[in-house]
Amino acid sequence: MYIKTKSFQITPKELGALLTVDYYRRMKFFFILFAILLVINIVFSVLQNRFDWWLIYSVGLGAYFVSLPLFFQPRKRNSTLNFQNRYCEIDENFFAMFYEDGSIVKLNYSHFMQVIKKADYYFLYMTKAQFHYLPVAAFESEKDIHRFDLFLQSKQLIKIW
């Protein structure tokens with residue numbers, strides 16, 4: 001199997017949006033649990049006619065965690081290499097990215113922990129927080145996407161339902 005993608009580039013704004021989506025996906029359980037506990041405490045405070053200062057601190061802390069992605073500034077924290085044009089070559093042994101400045105990143109599939117596929121992109125996770133971004137639109141055809149999905153499934157990196 002050999003797949004070569006079209007050239008693609010990600011902008012800092014797109015990366016910020018991707019990081020925001022990833023952050024909310026990771027924090028979903030915490031937000032739901034926190035909201036439920038907060039609502040229960042507000043209801044009990046109203047029923048008991050008392051005012052708790054810690055409730056205001058909790059609301060402020062929740063607002064901070066919800067608004068945290070507004071402070072993401074991908075350009076300052078990421079290498080300029082991440083914002084260059086690049087294309088990928090995928091075979092049975094390696095996942096290689098070729099950048100326009102001549103840099104090459106060649107990774108064995110054992111470096112990946114997990115792959116998450118969304119409608120428009122793949123996140124190829126190397127650690128719980130570090131991933132490589134691969135847009136679905138970079139593939140030449142639907143056949144290449146399907147072959148890549150089956151290959152990732154055979155490596156037990158992705159589950160296709």
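Mentor: Let's start with a term: a residue is called buried when its relative accessible area is under 20%, exposed when over 50%, and partly exposed in between. Keep in mind that this is a predicted model.

Trainee: Okay, so why is Asp149 called buried?

Mentor: Asp149 has a relative accessible area of 8%. The cut-off is under 20%, so Asp149 counts as buried.

Trainee: And what makes Lys117 partly exposed?

Mentor: Its relative accessibility is 35%. Partly exposed runs between 20% and 50%, so that's where Lys117 belongs.

Trainee: How do you know that Asp149 and Lys117 meet in a salt bridge?

Mentor: Look at the distance from N to O, which is 2.8 Å. The rule asks for a Lys or Arg side-chain nitrogen within 4 Å of a carboxyl oxygen of Asp or Glu, so the pair qualifies. This pair also links distant parts of the chain, with Asp149 in helix α4 (residues 142-154) and Lys117 in strand β5 (residues 114-117), 32 residues apart.

Trainee: Why can side chains pair like that at all?

Mentor: Opposite charges can pair when the charged atoms come close.

Trainee: What makes Asp22, Arg25 and Arg26 a network?

Mentor: Asp22 takes part in both bridges: Arg25 meets it at 2.9 Å, N to O, and Arg26 meets it at 3.0 Å, N to O. Both values fit the within 4 Å rule, so salt bridges link the three residues. As for spacing, Arg25 and Asp22 sit 3 residues apart in helix α1, about one turn. Arg26 and Asp22 are 4 residues apart in helix α1, so about one helical turn separates them too.

Trainee: Is Asp22 buried or exposed?

Mentor: Buried, because its relative accessible area is 7% and the limit is under 20%. Arg25, at 33%, is partly exposed, and so is Arg26, at 39%.

Trainee: What makes Val43 fit for a surface patch?

Mentor: Patch members need over 30% relative accessible area, and Val43 has 42%, so it clears that bar. Val43 lies in helix α1 (residues 12-47). The nonpolar patch also includes Phe29, Leu37 and Leu47, and its members have about 990 Å² of accessible area together.

Trainee: Last one: how many helices and strands are there, and how do you know that the chain is more spread out than a compact globule?

Mentor: The chain has 4 helices and 7 strands. Its radius of gyration is 21 Å, while the globule rule gives 15 Å for 161 residues, so the chain is more spread out than a compact globule. The C-alpha trace spans about 70 × 35 × 25 Å along its principal axes.

Note on methods: Residues are numbered from 1 along each chain as its sequence is written. This is a predicted model: local features need pLDDT of at least 70, side-chain atom pairs count only at pLDDT 80 or more; totals for chains, interfaces and linings use all residues. Side-chain values use heavy atoms; hydrogens and water are left out. Patches are made of residues with over 30% relative accessible area and no salt bridge: like charges are joined within 9 Å, nonpolar side chains (Val, Leu, Ile, Met, Phe, Trp, Tyr) within 5 Å. Accessible areas come from the Shrake-Rupley method with a 1.4 Å probe; for residues, only the protein chains shown count as cover. Helices (H or I, at least four residues) and strands (E, at least two) are DSSP runs, numbered from the N terminus. Buried means under 20% relative accessible area, exposed over 50%, partly exposed in between (1.4 Å probe, protein chains only). The radius of gyration is taken over C-alpha atoms; the globule rule is 2.2 Å times the number of residues to the power 0.38.
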